[in-house]
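The following exercises concern one protein chain. Please work through each task before reading its solution.

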Amino acid sequence: MNSKRSLFLAKRLILGDEKAYDLLMDSYYQNLCTYAQSLCHDHSMAEDIVQNVFVTIWTNRKNINPKLSVKSYLYKSVYNEFINQYRKNKPVIYLEKKYFEAIDLVADIEPEELDGLINLMNAEIENLPSKCREIFLMNKKEGLTHTEISEYLNISIKTVEGHITRAFKILTEKLGSKVEAVLFILFSFKKEKQRPYLG
């Protein structure tokens, strides 16, 4: 949606134009649900989040700033609603600051591009050297610390750090500055799953 159309739509919403609201939903609903699901990994919760956002937008339509990008506003609203839902179950301290910073990048990525980046990330992780891939996934996917990994694999912490650094270097070469944002989508909330028994 170009800036002129976005500005027109925002102005119509402020005036309470229901057709403009319907157009907004038709244009963004499915993509926002996909985005929300990438955050919470739950289809029903994703739909609830997006529906809550659209209800809030209509309720507070007179406060819309027509100069802001409608798309950016919607994506950030979905993320904020997701955080509100997340806070009900976990203290927000569980979310690292770098992930808050990374999400701003995600909100500016086209949904089609995001799918491609996720597929690229998965493919590049699979292409990592076997030991490097194993250690990287233990850290990012399972949420194990460097110390836990070193004890489990019986290797030094320095070796663990070396493999993780190497993995980041390789992935950053392929995905650039978007690597943290894509990792956030793939792994951050999967860490809540029970850790494997290490014996």
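**Exercise 1.** Which side chain meets that of R12 in a salt bridge?

*Solution.* The model is predicted, so local features need pLDDT (the predictor's confidence in each residue, from 0 to 100) of at least 70, side-chain atom pairs count only at pLDDT 80 or more, and totals for chains, interfaces and linings use all residues. Residues are numbered from 1 along each chain as its sequence is written, and side-chain values use heavy atoms, with hydrogens and water left out.
1. A salt bridge requires a side-chain nitrogen of Lys or Arg within 4 Å of a carboxyl oxygen of Asp or Glu.
2. The partner of R12 is D17, at 3.1 Å from N to O.
3. With a relative accessible area of 31%, R12 is partly exposed (buried is under 20%, exposed over 50%, partly exposed in between; 1.4 Å probe, protein chains only).

**Exercise 2.** How far apart, N to O, are the side chains of E173 and K169 in their salt bridge?

*Solution.*
1. The N to O distance between E173 and K169 is 2.9 Å.
2. Both residues belong to helix α9 (residues 157-175), four residues apart, and therefore about one helical turn separates them (helices are DSSP runs of H or I, at least four residues, numbered from the N terminus).
3. E173 is exposed at 56% relative accessible area, and K169 is exposed at 54%.

**Exercise 3.** Which residues does L74 touch, not counting residues up to four places away in sequence?

*Solution.*
1. Contact means heavy atoms within 4.5 Å.
2. L74 touches L24, Y28, L32, V53, F54 and I57, with that sequence limit applied.

Conventions: Helix = DSSP H or I, 4+ residues; strand = E, 2+ residues; numbered from the N terminus.
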